[in-house]
Structure formats: C-alpha cells, structure tokens
Amino acid sequence: MNSFIPKSIAALTGFAMILGLALPVSAVELVVVSWGGAYTASQQKAYHDPYMKMNPGVKIINDDSAGDGVAKLRAMDQAGNVTWDLLDAVAADAMRLCDEGLVEVISHDLLLPPAPDGTPASEDFGDLIVSECFIPQIVYSTTFGYRKDLVSKPMTSVCDVFDLKTFPGKRSLQKRPIDNMEWALMCDGVDPSNVYDVLSTDAGIKQAFAKLDTIKDQVIWWTAGAQTPQLLADGEVVVGSTYNGRLFSMIAEDNQPVAMLWDWQVFDLDGWVIPKGSKNKHEVLKFVQFATDTQRLADQAKFISYGPARNSSAPLVGKHATLGIDMAPHMPTDPNNSKNTLLQNYNWWADNRDDLDTKFNAWLAQ
Amino acid sequence: MEQLLTADGIPLKVSLKKAYRREKLSAFLLVAPLLLFIVVTFLIPIVDMLMLSVDNSIVPEILPRTTKNIQTWDPHSGELPGEEIFEAFVKDLKEAKKNRTHTRVGQRLNYESSGLSSLFRSSGRKIKRIRRAPFKAALIKIDKRWGDLKTWQIIHQFSTPYTPAYYFAATDTKLKSSGEFIILPDEERIYSKLFLRTMLMSALITGLTLLIGFPVAYLLAILPTKIGNLLIILVLLPFWTSLLVRTCSWIALLQQHGVINDTLVSLGLLGEDERIAMIHNATGTVIAMTHILLPFMILPLYSVMKTIPKSFVRAAVSLGAHPWVAFWKVYFPNTVAGIGAGSILVFILSIGYYITPELVGGNTGTFISNRIAYSISISLNWGLAAALGVILLGIVIAFYILYDRIVGIDKMRLG
C-alpha cells in the first residue's frame, strides 16, 4: 500500500506532462490597438467577442495606445520588431503611415466582402477610402456640447461659441489648429467652400487668429477627448468641443444637463490599417473581413454613437444595446444633425499642418 | 642607499605597486556592472539622440543620383538646374515610387517648405508618364512647382547626409535656401520663448521650495529625534504617493468650481463672477510643481541641518548675540551646502518635467518637454525633438558644472 501511492503519483504526473507536451497550444494571439474607453468597449462587443466565439483558437488582445500609434509604429519598424497586428487610426494618421510605407496596401474589392445587395466594397465605402492602406470603420465628428442650464437660450450656430455677450463663460477647444481655424474663418464671414483657399494665404491665417483672439482668454485647451466632458460636468466651461460619441455618453448614459450643437460639425474617419511585418497577417486579414462587413459595422453603432462607414450599414442601425434608445438620431450622419458639415481636408492639412502648427503654438504662447 | 626589501626578497616599491594595482582592479570590477549599466542605458541612447539631431540621410538615400549630381549646380545662379540633374531626379523618383519611399522624402522636405509633401506625392503618381528626354520640360509639365527655383534650392541644401537645420529650428532661426540666415519673426518663435519660460519658472519654483522647505527642515532638525522622525513621515508619505494622483488632486482644488473657489464664494469673500483662475495657466504649474518638488528640497536641507551641533547657536547667544543675529551669522552659513544641493536638484528636475505642466499648465504654463513630446508623438519630427533634447541636456550640464565650481558636487547629501 505504501509503495503504491508514490508510484501512482509518479504515473499521474508523467501522464500530465505528456499530455501537456502533446496537446498543441494552437491559440493565435492578435494584438489590436485602439483608443480605449467607450470606443474600445464598443469594438470588443461588436467585433472581438463574436469573432472569438466563431474562432476559438484566436485570442484578441486590446492595446490602448492608438494615440501614439504613428510614432510607435515608426519606432517598431526601425527596431525591426513589429508587435502589433492591427491598428485603429484616424484618416490623417493612416495617410501618414501609408506614405511612410509602414502599413500594408489593401485591395478593397479583393479583400472586403461586398454589400448584401452585391455592391462592391469600394463603392459601398465610396469617398471614405482616403488612402489605399485604409479600411474605413466609422464616421465620427468633432462637435460642440453645451450646458443647457448655464446658458440663457439654446445654442444653434457654431458662431455662438464666438459670441461672448450672449453666451458668457469659458469654452474648451482642441489644442490644435485643425477645425479651430476653419470655424474661426467661417464665423468671420468666409464662405465655407473657400476656407482652405483663404487659409493658404498669410492674410487668411492672420484673420483666423484675430477671430480666435476675441475668445482666447476664455478658452481652456484640451488634448484628450475625455477633458471636455469632465469640464462640462464640473461647470468649468459653458460650451466645449469634443468627439460626438463622448457627448452622447454624457447625455444618454450619465444624464448630464448637456445638449449637442451639431452646426458645422467636422467629420473625420476612423479605420483599420495593417502594420507591415505583423506576424499574424493571415489571421488579421480574416478578422478584418469579418469586422468590416455590413452587419458588423451596424452592430458597433449599438454601443456608441458613431456612424458606420458603409452606405449599406446605415439602414441597419438600430437601438442602443443596453439603454434601448434609437441610435439613428444621435449619429453624426443623421440628416437632422448633418445640415452643415465639413469633411476635414486631409491633403491640405498634410501639407500645411507643420507650418500652421508652429504658428498656432506661437500664437498660444503670446 | 640600500633598496628596502620585503620578507620574500622583492623590493618594497614593486610589492607596493602590485598590491595597489590589485586593489584598483578589484574596486573597478565591483563598479563594472554599474558602469556597464549606465553606458548601455544612458550614454548609448544619448549618443543616438545626438546622431538623430543631425541626421539627414533620408534624402541622399532615397535620391542618390540627384544628390550626387546637384552638387555641380550653383543654387544662387538664378537658373534652374541642367537637364542631367532633371534626368537623375526622374530616375530617382521612379525608383522611389516603386519602393514607396517618395512620400517619405517629401514629408522630410516639407518641414522646410510647406507644400513639398503634396508635390512629391502627386508627382509620384504621375511620374510614369515621363519615358524619355527632354526630362526638364516633362517634369515641369507634370507640376509647375518643379520650375520653381526655391524647390531645387531646398533639395540642394538638403542633399548632404548631415544637416544643422534641426538646431536652427530649435533656436527659432533658419538658414534659408537662398543662403540668408534669419531669425524667425515674433509670431513664429516658440522654442526660444519656451526655453526662457521653462528656466524662469523653474527658478521661481526653486525659490518657492526653498522658502517653504527651509522652515520645515529646520523644525524637523531641531525637534527631539522621536518626534522629528514621526513628523518626517508627513514629508515622505506625499513623496511616495503617485505623481498623477497629486497633480489631479490639485486640479480638483484649484478649478473654477473647485474646492478653494467654492469655499471663498460661499464665505462671501468673492463674488460669483470673481472666481480666481488658478489652473490651466502658469500659476497652476507653479503651485503644483512647488508641492511636488518640495521633498527634494526638504530632505537635503534636513540632512545637512541635522549635522549642525545645537551648541553653536547657544554659544553665539551666550557671547551676547541676538538670537536672530546668531541664526544668520552662525547657523545659516552652515546650511549653504544643503541649500545648494536642494536647489540644484529641484531646478534640474523642474526644467525636465513633463506630466504636471501638461495637465495643469494650459497654454501659458507648459514647458519645453511638452513640446518635445509633441514633436515625437504628433508631428513626428524626430530630428527636431532630438535637437531640443540635446539643447536641454546642454543646459543641464552647464548648470551642473556651475554648481560643481561653486559648491562642489561631492558635498551633496540626500539624508
């Protein structure tokens, strides 16, 4: 009896070791880099979880460093060790990465599934394919939200932000020239279709800064999307710009007394790029095919108020998954909200960004 | 004179030398791991940053034929380069388009003149149309900016593998492609202003920490050890608390509707519209940084003050000096080493600080490090970030040398 127990333990241990060595560890790990917070949560529920359920051998890991995505990818490329498999990038960053040859060129019609009615992917996405390396995912906008209870009457125009007499109090604007210069010019009498022509001249730049000067000492400059909602909730600012999905979370989920100011919202795109040198390219391509089809893009809209990039997804947008409210009226692309919109001129800003940014920071420091 | 010999017959001098050498070697071996660590993690990255700040290899690598041929052209002659340079460039651009590197060189040159990145991008798309001579006319037909003298002057200026352009940009100057050296106009100057602001605010912060830290260190030093040790926990606990937690708690205190403003308004001392703006400006940075860097001033002061015998002041008073005079003439001069150590520590830490100015500085309270971070992450101008970093390093080394001359670095004690 005494000698049997050690022998059986030895046998069991040996058996477990052989089992461990013999069973193949077949999990493929995909590192998907995104922006964190409510946005990554919506991707997790709409894309990652269903995909992992369909493919038990695949594990998707989230990394929240998309904010530094371009710099980090460049550093990884120089070190010769790319650890990311998929990156969620805004259109301007995707163009930059494509220019530097750090991401794969995609053939949209060959890779991505067509719409249910047969329209090829490139037409379903349409103009939103701003770069041959970019797979659009959502349309979001930078727009304003204001405290309903701290203003004398509802704000209806973006020029109300520049009106300190009727709407006194602090504002919060993004700490960059993009969007702010366009809004300043449009509220100074420039026709929206000429904004970039005017901004290309020195006089136009001075005009934009002069308009911004009228509110400069009342502005708090934000660099992270969560700052404006916090400032609005604290009552630090009366009106502030941020990404529309953050304002939706404040209004619908946190029940803050904030209202949306959609006038002249600036559209921007967020989408996928595939880093060159990724070790799981085959799996990533399969994931991207799944995650960017018509139904999946409409599914993401159940969790966050960003518009799906495909035309065919728009009619499928339904209700919020937990709150049960209709998402369509909260989309930047909804007809009620998109009467006046501006699509960021990526090519113009790619050329002039560095130059204008120096001038903007010099102006800020004065 | 007879040579002195040791017990085994070897001359004393030789034995002494051998023993001394052995001692030195064993001391070196003990320090060697640390030395290796510092070389790998400190010196090598700094050398790397130095190389990055002058690196322009991207242009000669992507446009090899052009950069070689363009040396024969005089950029001040007022004429466009010759046909053979255009031919070299077209060949280079075709190859770069195939390797997808043409946009990279366009982006680099765009830092010198806005518009070049789109020029390279669009020309890359159309370059296939040019099949044979005359290349000059064909290239200008694709885009008339190739007929601009300035475009070619810039390519000529940046055809060398090394360039000082990043240092010029970092000091708000520019060597234009026409050969003119200019200081940028006031509305485009940011770096010189930021460097000045960083140093002035850091000096202010150093002064404030000294003002607040000196009495605290004095109290801790003269109290009986038991009580003093208990009280020093009050200095160390915040020191060990996360930096972000402390910075965010200042945001909650100093906001327009934060604790301080709300208290003052509810007490009636301030009107509703007269709330003080203490954050998102230089005031917020100074307040938060003073609080955060205070332990670095208190601890060196405390350690120096603890070594001053209390009998000195008592002796001075017993000789007839007023207590205040005794303090200034006897006690204070003995603490100078501690003041020096604390000041240099606080100052050097402060000029390199990033996170606190970023969170509470607004736009009048940010430091040069915030701009360096911007260059690395967002504008991706790594050459400029490296140049700014090297200049900052130079400033720190200059202050270190100054400190060593005046006070002496081996007198520094941290408790």
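In the predicted model, Pro134(B) is placed in the loop that runs between helix 6 and helix 7 of chain B. The peptide bond that joins Ala133(B) to Pro134(B) is cis, with omega at about 0°. Helix 7 of chain B, which spans residues 135–142, includes Lys136(B), and this lysine is partly exposed, its relative accessible area being 25%. When neighbours within four places in sequence are left aside, Lys136(B) is in contact with Leu80(B), Pro81(B), Gly82(B), Glu83(B) and Phe86(B). For one of these residues, Gly82(B), the C-alpha atom is separated by 8.0 Å from that of Lys136(B), although the two residues are 54 residues apart along the chain.

Two further backbone features concern residues with positive phi. Asp179(A), although not a glycine, has a positive phi of about 80°; the residue belongs to the loop between strand 5 (171–174) and helix 7 (180–186) of chain A and is buried, with a relative accessibility of 1%. In chain B, His280(B) likewise has a positive phi in a residue other than glycine, with a value near 60°, and is found in the loop that connects helix 13 (259–266) and helix 14 (282–305).

Aromatic pairs were then considered, and a search of the whole structure gives 35 of them over all chains. In one of these pairs, Trp272(A) and Phe287(A) meet edge-to-face, with 6.4 Å from centre to centre and 70° between the planes. Because Trp272(A) belongs to strand 8 (residues 258–273) and Phe287(A) to helix 12 (residues 281–291) of chain A, the pair ties together parts that are 15 residues apart in sequence. Trp272(A) is buried, at 0% relative accessibility, and Phe287(A) is buried at a relative accessible area of 1%. In chain B, the ring centres of Phe89(B) and Phe120(B) lie 6.1 Å apart with the planes at 80°, and this pair is therefore edge-to-face. Since Phe89(B) is part of helix 4 (residues 83–99) and Phe120(B) part of helix 6 (residues 116–126) of chain B, the pair ties together parts that are 31 residues apart in sequence; both Phe89(B) and Phe120(B) are buried. Elsewhere, ring pairs join Phe214(B), Tyr218(B), Trp324(B), Phe327(B), Trp328(B), Tyr331(B) and Phe332(B) into a cluster.

Charged side chains also lie over aromatic faces. Arg74(A) is positioned over the face of Trp382(B), at 4.8 Å from the ring centre, and Lys216(A) over the face of Trp363(A), likewise at 4.8 Å from the ring centre. Trp382(B) is also among the residues touched by Ser375(B), which, not counting residues up to four places away in sequence, touches Tyr191(B), Leu380(B), Asn381(B), Trp382(B), Leu384(B) and Ala385(B). Ser375(B) is located in helix 19 of chain B and is buried, with a relative accessible area of 1%.

With respect to enclosed space, the structure holds 1 cavity of 30 Å³ or more, and the volume of the largest cavity is about 200 Å³. Its lining consists of 15 residues, of which Ala92(A), Arg96(A), Tyr346(A), Trp349(A) and Ala350(A) lie nearest the centre. Two or more lining residues are given by each of helix 4 (91–99) and helix 14 of chain A and helix 6 of chain B, and by class the lining of this cavity has 6 nonpolar, 3 polar and 6 charged residues. Arg96(A), which is in helix 4 of chain A, is buried at 10% relative accessibility. Apart from neighbours within four places in sequence, Arg96(A) has contacts with Arg353(A) and Asp354(A) as well as with Gln107(B), Tyr111(B), Ile378(B), Ser379(B) and Leu380(B).

Among the pockets, the second largest has a volume of about 1300 Å³. Of the 49 residues that line this pocket, Asp355(A), Tyr111(B), Glu112(B), Ser113(B) and Lys174(B) are the closest to its centre. The elements that give two or more residues to the lining are helix 9 (202–213) and helix 14 (346–365) of chain A, together with helix 5 (102–110), helix 8 (149–157), helix 9 (165–170), strand 1 (173–175) and helix 19 (368–377) of chain B. Helix 14 of chain A gives the largest share of this lining, 8 residues. The lining of the second largest pocket divides by class into 18 nonpolar, 16 polar and 15 charged residues.

Definitions and conventions: Residues numbered from 1 in each chain as written. Chains lettered and ligands numbered in written order. Heavy atoms only, no water. 1 Å grid on protein atoms, 1.4 Å probe; cavity = no way out; pocket = protein on both sides within 12 Å on 5 of 7 lines; lining within 4 Å. Points joined across faces, edges and corners; volume = space filled by probe spheres on them. Helix = DSSP H or I, 4+ residues; strand = E, 2+ residues; numbered from the N terminus. Nonpolar A, V, L, I, M, F, W, Y, C, P; charged D, E, K, R; others polar. Phe/Tyr/Trp six-rings, centres within 6.5 Å; stacked < 30°, edge-to-face > 60°. Buried < 20%, exposed > 50% of the residue type's maximum accessible area, 1.4 Å probe, protein only. Lys NZ or Arg CZ within 6 Å of the ring centre and 35° of its normal. Contact = heavy atoms within 4.5 Å.
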